[in-house]
Amino acid sequence: MTDTLPPCPACSSAYTYQVDALLNCPECGHEWAPRAAEEDVIRDSVGNPLADGDTVTVIKDLKLKGTSTVVKVGTKVRNIRLVDGDHDIDCKIPGVGQIGLKSQFVKRVAD
């Protein structure tokens with residue numbers, strides 16, 4: 001076995017072992033899934049992790065369903081909120097209003 005197991009997130013013990021799909025710590029008894037923290041991270045189109053309150057820019061023209069309005073490339077969206085579901089981001093775009101965006105169509109920018 002060439003790969004090493006990560007240390008226990010509860011007590012930092014290096015003596016972790018795997019049973020089925022879970023990792024276990026013999027010192028504190030903690031059990032956890034090996035990739036649970038990595039899967040919950042929402043990333044933008046280039047792989048940067050997103051967080052609540054970030055500023056993003058739209059990377060392609062997006063037609064809004066049910067209207068003739070288009071969100072143009074380069075539109076800056078401030079103070080995003082991450083949510084679960086098909087659309088990862090809830091935000092308010094000036095001139096458009098409250099909408100949901102998919103993280104694959106945005107890129108994080110510095111404020």
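**Notebook: contacts, cysteines and phi angles**

I began with Val 58. Leaving out residues up to four places away in sequence, I find Val 58 touching Val 71, Lys 72, Val 73, Gly 74, Thr 75, Val 77 and Phe 105; contact here means heavy atoms within 4.5 Å. I place Val 58 in strand 4, residues 55–58. Strands are DSSP runs of E with at least two residues, helices are runs of H or I with at least four, and both are numbered from the N terminus. Val 58 is buried, at 2% relative accessibility. My cut-offs are under 20% relative accessible area for buried, over 50% for exposed, and partly exposed in between, with a 1.4 Å probe and protein chains only.

A note on the source: this is a predicted model, where local features need pLDDT of at least 70, side-chain atom pairs count only at pLDDT 80 or more, and totals for chains, interfaces and linings use all residues. Residues are numbered from 1 along each chain as its sequence is written, and side-chain values use heavy atoms, with hydrogens and water left out.

**Around Val 58**

I checked Val 73 from its own side. Val 73 sits in the loop between strand 6 (70–71) and strand 7 (76–77). Beyond its neighbours within four places in sequence, Val 73 contacts Val 58, Ile 59, Lys 60 and Asp 61. From Val 73 to Thr 57 the C-alpha separation is 7.7 Å, with their positions 16 residues apart along the chain. I also took a long span. Val 58 and Leu 5 lie 53 residues apart in sequence, and their C-alpha atoms are 38 Å apart in space.

**Whole chain**

I count one helix and 11 strands in the protein. The order from the N terminus is β-β-β-α-β-β-β-β-β-β-β-β. The radius of gyration is 20 Å, against near 13 Å for a compact globule of 111 residues. That radius is taken over C-alpha atoms, and the globule rule is 2.2 Å times the number of residues to the power 0.38. Along the principal axes, the C-alpha atoms fill a box of roughly 60 × 30 × 25 Å. Of the 111 residues, 27% are buried. Of the contacts between residues at least 6 apart in sequence, 36% join residues at least 24 apart.

**Cysteines**

How many disulfides does the whole structure hold? My search found zero. A disulfide is a pair of cysteine sulfur atoms within 2.5 Å. The sulfur of Cys 25 has its closest cysteine sulfur in Cys 11, at 3.5 Å, so this pair is too far apart for a bond. For Cys 28 the closest cysteine sulfur is in Cys 8, at 3.7 Å, again too far for a bond. Cys 25 is buried at 3% relative accessible area, whereas Cys 28 is partly exposed at 40%.

I looked at Ser 13 next. Ser 13 lies in the segment before strand 1 (17–19). It is buried, at 5% relative accessible area. Its contacts, neighbours within four places in sequence aside, are Pro 7, Cys 8, Cys 25 and Glu 27.

**Positive phi**

Most residues other than glycine have a negative phi. I noted Asp 20, with a positive phi near 55 degrees. Asp 20 is in the loop between strand 1 and strand 2 (22–24), and is exposed at 73% relative accessible area. I noted Asn 79 too, with phi near 55 degrees. Asn 79 is in the loop between strand 7 and strand 8 (81–82), and is exposed at 58%.
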